[in-house]
Amino acid sequence: MNGVAALLAPQLVARRLGAEPGRPALIYVLRMFGVRTVVLGVELLCVKDPVELDRALRVGTLIHTSDALSAAWVGQEGTLARRPAVAATAISTVNVALTFLAQRRSRCRPATR
């Protein structure tokens, strides 16, 4: 849902994060985040092959971890205000946790071949 919102309504997402919605660079970054998140989500929903699903989950974990670290970093250095940095870090950290849960669930599922 966050990805769709960032893609289609980046100004709204910026306001919800407590950031300045009129900054063109922020709108661009939010749309990039949105399209990437939507593509990852669609892939996870559509992939049927367990090997491909495991690959998609590993890639998702890497991407969301880099998002969380990047958000924390820009918040720490002051490039992004504290509130939006904390919110972005929290969102991405939850996404990382979800990928780990999905990987665990995927490994527990019996193979269907």
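Colleague: Let's start with arginine 55: what is its relative accessible area?
Modeller: Happy to! This is a predicted model, where local features need pLDDT of at least 70 and side-chain atom pairs count only at pLDDT 80 or more, while totals for chains, interfaces and linings use all residues. Residues are numbered from 1 along each chain as its sequence is written, and side-chain values use heavy atoms, leaving out hydrogens and water. Buried means under 20% relative accessible area, exposed over 50% and partly exposed in between (1.4 Å probe, protein chains only), so arginine 55 is partly exposed, at 29%.

Colleague: Which residues are joined with arginine 55 into one salt-bridge network?
Modeller: A salt bridge here is a side-chain nitrogen of Lys or Arg within 4 Å of a carboxyl oxygen of Asp or Glu. Arginine 55 forms one with glutamate 43, with the closest N and O atoms 2.4 Å apart, and another with glutamate 52, at 3.2 Å. Salt bridges with shared partners therefore join Arg55 into one network with Glu43 and Glu52.

Colleague: How many residues apart in sequence are the parts that arginine 55 and glutamate 43 tie together?
Modeller: Helices are DSSP runs (H or I, at least four residues; strands are E, at least two), numbered from the N terminus. Arginine 55 lies in helix 4 and glutamate 43 in helix 3, so the separation of the parts they tie together is 12 residues.

Colleague: Which residue meets aspartate 67 in a salt bridge?
Modeller: Aspartate 67 counts as buried, because its relative accessibility is 15%. Leaving aside neighbours within four places in sequence, its contacts (heavy atoms within 4.5 Å) are Phe33, Arg36 and Ser92. The salt bridge, at 2.4 Å from N to O, is with arginine 36.

Colleague: And at what angle do the axes of helix 2 and helix 3 cross?
Modeller: Axes are lines fitted to C-alpha atoms, for helices over the stretch in contact, and angles run from 0 to 180 degrees between N-to-C directions. Angles under 35 degrees count as roughly parallel, over 145 as roughly antiparallel, 65 to 115 as roughly perpendicular and the rest as oblique. The axes of helix 2 (residues 10-17) and helix 3 (residues 24-46) come within 9 Å, crossing at roughly 105 degrees. That makes the pair roughly perpendicular, at roughly 105 degrees.

Colleague: Which helices do the buried residues of helix 3 pack against?
Modeller: Among the buried residues of helix 3 are Leu26, Phe33 and Leu40. The packing partners of its buried residues are helix 1 (2-8), helix 2 and helix 4 (50-77).
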